[in-house]
Amino acid sequence: MKYSIIIPVYNRPEEVDELLESLTRQTIKDFEVVVVEDGSTIPCQEAVEKYTSQLSIQYLTKKNGGPGPARNYGVEHSKGEYALILDSDCVLPEGYLAAIEKELTENPCDAFGGPDAAHESFTNIQKAISYSMTSFFTTGGIRGGKKRGAMDKFYPRSFNMGIRRDVYLKLHGFSKMRFGEDIDFSYRIVEAGYTSRLFPEAWVWHKRRTDMDKFFKQVFNSGIARINLTKRHPGTLKLVHLLPMVFTVGVLLLIAAAVFFRMWDYYRDTATGIMLSNGGFIPLYGLCLLPIALYMLLIFTDASIKSKNMVIGFLSVEAAFVQLMGYGFGFLKAWWLRCVQGKDEFTAFEKNFYD
């Protein structure tokens with residue numbers, strides 16, 4: 001058997017149903033499916049049983065331990081030459097496996113991954129979140145596109161990741177990190193000398209989070225994970241990883257400056273600012289908010305054009321700030337607890353990572 005598709009799931013039976021249905025429409029059939037129920041209180045067994053006559057499928061259950069151990073458990077019980085790791089909130093286009101087969105035939109590698117996209121059926125909030133996670137203007141999305149992927153090392157993400165099963169087992173799979181465990185694994189794959197590539201056409205529809213609160217929690221934990229990853233893999237912190245933190249600090253400083261100058265004008269009963277040559281006047285508090293307003297306009301315009309929907313454009317502005325500042329706050333918290341206070345990975349974030 002060529003492929004084993006590993007799907008860890010926790011309380012998401014409807015999503016598993018959609019993913020399995022999309023697997024029945026693949027043009028390549030040489031694969032098995034391994035669904036790992038990770039201690040769910042709302043099991044997906046009924047959804048899995050709908051497809052037992054159409055797919056070669058295993059349904060496994062285990063005590064809750066997080067996505068990494070669940071994936072490891074699935075791979076241990078799989079038979080394929082390649083393990084394909086998917087999140088349960090993904091849906092596959094019918095040519096997904098064919099795209100992987102084509103890439104592996106033309107240029108074999110040990111590990112690989114593909115990008116994601118928003119499906120037409122997604123809610124406006126899901127589309128806005130997808131925009132923020134894939135847009136150049138938010139530093140979102142997969143690191144390394146078609147051009148960059150040819151020059152830089154590519155580190156697959158676990159929502160859409162493939163690896164030779166023997167390599168997976170040699171490296172002992174995912175660690176017990178609750179967030180960032182996929183990047184940790186990708187780092188270990190590359191550090192061990194194995195090849196890793198981006199497969200641009202092996203993309204998935206990825207639902208991600210369904211509201212802004214859940215999205216904030218996700219990116220906040222991703223910011224924490226970046227510091228933990230830097231501790232585990234020294235030298236992996238790049239400039240792009242610092243940008244959300246810089247954005248967060250910059251926004252807070254600009255807002256604080258705007259409040260200061262507005263209060264200054266109020267108590268002095270006069271306005272401080274810049275006089276323009278045409279007689280116009282821009283108060284200093286307005287100048288402080290101008291960069292934020294211009295960035296919001298940029299996101300709104302770009303998202304509206306790409307989605308052809310102004311509502312998604314407005315929501316994308318919120319999603320962009322949630323993504324960048326959520327990540328930035330998580331990064332700063334982790335930096336303080338781990339780098340300044342010297343706490344270790346498990347005791348510093350037990351509530352965030354291991355509940």
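Me: Helices, runs of H or I in DSSP with at least four residues, are numbered from the N terminus; in which helix is the place of V259?
Reply: In this predicted model, V259 belongs to a nonpolar patch on the surface, together with I255, M263, Y266, Y267 and L289. Five residues of that patch, its largest share, come from one helix, which covers residues 239-268. The place of V259 is in helix 10.

Me: Is V259 buried, partly exposed or exposed?
Reply: Buried requires under 20% relative accessible area and exposed requires over 50%, with partly exposed in between. Because the relative accessible area of V259 is 48%, its class is partly exposed.

Me: How much accessible area do the residues of the nonpolar patch have together?
Reply: For the protein as a whole, the accessible surface comes to about 17400 Å², and carbon and sulfur atoms account for 60% of it. The patch is formed by I255, V259, M263, Y266, Y267 and L289, and the accessible area of these residues together is about 640 Å².

Me: What radius of gyration does the protein have, set beside that of a compact globule?
Reply: The C-alpha trace spans about 75 × 50 × 45 Å along its principal axes, and buried residues make up 50% of the 355 residues. A compact globule with 355 residues would have a radius of gyration near 20 Å, and the value for the protein agrees with this, at 23 Å.

Me: How many residues apart in sequence are the parts that the pair D17 and K50 ties together?
Reply: The side chains of D17 and K50 meet in a salt bridge, with N to O at 2.8 Å. D17 lies in helix 1 (residues 13-23), whereas K50 lies in the loop between helix 2 (45-49) and strand 3 (57-62), so the parts tied together are apart in sequence by 33 residues.

Me: Which residue of the salt bridge between K306 and D302 is buried?
Reply: The side chains of K306 and D302 meet at 3.3 Å, N to O, and the two residues, four apart in helix 11 (residues 284-307), are separated by about one helical turn. K306 is exposed, because its relative accessible area is 57%. A relative accessible area of 15%, by contrast, makes for a buried residue, and this is the value of D302.

Me: How far apart are the closest N and O atoms of R25 and E21?
Reply: R25 counts as partly exposed at 35% relative accessibility, and E21 likewise counts as partly exposed at 33%. The two residues form a salt bridge in which the distance between the closest N and O atoms is 3.1 Å.

How values were computed. Residues are numbered from 1 along each chain as its sequence is written. This is a predicted model: local features need pLDDT of at least 70, side-chain atom pairs count only at pLDDT 80 or more; totals for chains, interfaces and linings use all residues. Side-chain values use heavy atoms; hydrogens and water are left out. Patches are made of residues with over 30% relative accessible area and no salt bridge: like charges are joined within 9 Å, nonpolar side chains (Val, Leu, Ile, Met, Phe, Trp, Tyr) within 5 Å. Accessible areas come from the Shrake-Rupley method with a 1.4 Å probe; for residues, only the protein chains shown count as cover. A salt bridge is a side-chain nitrogen of Lys or Arg within 4 Å of a carboxyl oxygen of Asp or Glu. Buried means under 20% relative accessible area, exposed over 50%, partly exposed in between (1.4 Å probe, protein chains only). The radius of gyration is taken over C-alpha atoms; the globule rule is 2.2 Å times the number of residues to the power 0.38.
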